[in-house]
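Student: I am new to this structure and should be grateful for a close look at a single part of it. Would you please describe the enclosed spaces and the elements around them?

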Amino acid sequence: MPEVIFNGPEGRLEGRYQPGKEPNAPIAIVLHPHPQFGGTMNNQIVYNLFYMFAERGFSVLRFNSRGVGRSQGVFDHGIGELSDAAAALDWLQIINRESRGCWIAGFSFGAWIGMQLLMRRPEVEGFISVSPPENLYDFSFLAPCPSSGLIIHGDKDRVAPASSVQKLVDKLKTQKGITIEQQIVEGANHFYEGKIDELTTRCAEYLDRRRQEIADGGGR
């Protein structure tokens with residue numbers, strides 16, 4: 001798992017990159033939770049999602065946004081972090097020019113950033129949004145949401161309460177042409193203590209099913 005350094009809007013960004021074995025391997029980017037509350041690319045959920053993609057042949061990148069770890073810059077309340085994510089996806093696409101698919105995954109604050117990035121990138125075919133904090137951030141930019149994806153959250157989450165995530169899901173489910181799948185991990189808090197393996201398994205099963213649907217000619 002090579003350490004990589006690439007240029008972001010405010011200087012160098014630090015990441016970990018696992019290339020796929022095939023030249024046309026699909027690509028994925030995984031976004032970490034809030035940096036001011038200890039969120040880094042080494043978060044256990046981010047780490048597990050990274051390897052979930054890698055094990056399925058993706059060229060996958062996780063990275064520290066500005067001001068985290070060895071990444072340059074300072075926290076920018078989401079605006080700069082979105083620019084960092086866009087730069088990271090640019091870098092990933094440049095070194096995987098023949099890629100045949102693109103996914104975005106994010107946890108908590110990273111889910112918010114990831115869904116904003118989704119709006120900018122029509123080539124993204126799917127997303128995994130873990131515990132999006134609809135109660136803390138404005139998700140009204142998802143109008144309409146451009147691709148299908150999974151929203152997964154815990155029913156014991158006090159940071160992103162199930163009721164607020166449900167509001168986001170209900171709004172997105174009214175859109176035609178995309179499918180938002182919602183899954184609830186029973187007994188899980190925001191950090192999925194004792195539930196990370198179940199979370200990872202559910203995300204993996206969703207990814208496998210969606211990729212098969214896309215391969216069969218549908219599922220966008």
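Tutor: The account below begins with the sheet and its helices and then turns to the cavities and the pocket. Please bear in mind that this is a predicted model.

The setting is an open sheet of eight strands, arranged in the order β1-β2-β4-β3-β5-β6-β7-β8 with mixed pairing. At its edges stand β1 (3–8) and β8 (180–185), each of which pairs on one side only. On average, and ignoring direction, neighbouring strands of this sheet are turned by 20° against each other. Within the sheet, β6 (residues 126–130) and β7 (residues 149–154) run parallel and are joined by four bridges. Phe-127 has Gly-149 in β7 as its bridge partner.

Two helices deserve attention here. Helix α2 (residues 79–94) lies across β1, β2 (11–18), β3 (27–31), β4 (59–63) and β5 (102–107), and runs at about 155° to β3. Helix α3 (residues 109–120) packs on the sheet, where it touches β3, β5, β6 and β7, and its direction makes about 150° with that of β5.

The whole structure holds two cavities of 30 Å³ or more. The largest cavity encloses about 70 Å³ of space. Its lining consists of Leu-31, His-32, Phe-63, Ser-65, Glu-81, Ala-85, Phe-109, Gly-110 and Ile-113. Two or more of these residues come from each of α2 and α3, and α3 gives the most, with three residues. By class, this lining has five nonpolar, three polar and one charged residues.

The second largest cavity holds about 40 Å³ of space. Among the residues that line this second cavity are Ile-104, Gly-110, Met-115 and Phe-127. Gly-110 thus appears in the lining of the largest cavity and in that of the second largest cavity. Likewise, Phe-127, the bridge partner of Gly-149, is part of the lining of the second largest cavity. At least two lining residues are supplied by each of β5, α3 and β6, and the largest share, four residues, comes from α3. The lining of the second largest cavity has six nonpolar, four polar and no charged residues.

There is also an open space to consider. The largest pocket contains about 250 Å³ of space. It is lined by 15 residues, of which His-34, Phe-37, Ser-108, His-190 and Phe-191 are the closest to its centre. Nine residues of the pocket lining are nonpolar, six are polar and none is charged.

Definitions and conventions. Residues numbered from 1 in each chain as written. Predicted model: local features only at pLDDT ≥ 70, side-chain atom pairs only at ≥ 80, totals over all residues. Heavy atoms only, no water. Pairing = 2+ DSSP bridges. Axes fitted to C-alpha atoms, helices over the stretch in contact; angles between N-to-C directions. Contact = heavy atoms within 4.5 Å. 1 Å grid on protein atoms, 1.4 Å probe; cavity = no way out; pocket = protein on both sides within 12 Å on 5 of 7 lines; lining within 4 Å. Points joined across faces, edges and corners; volume = space filled by probe spheres on them. Nonpolar A, V, L, I, M, F, W, Y, C, P; charged D, E, K, R; others polar.
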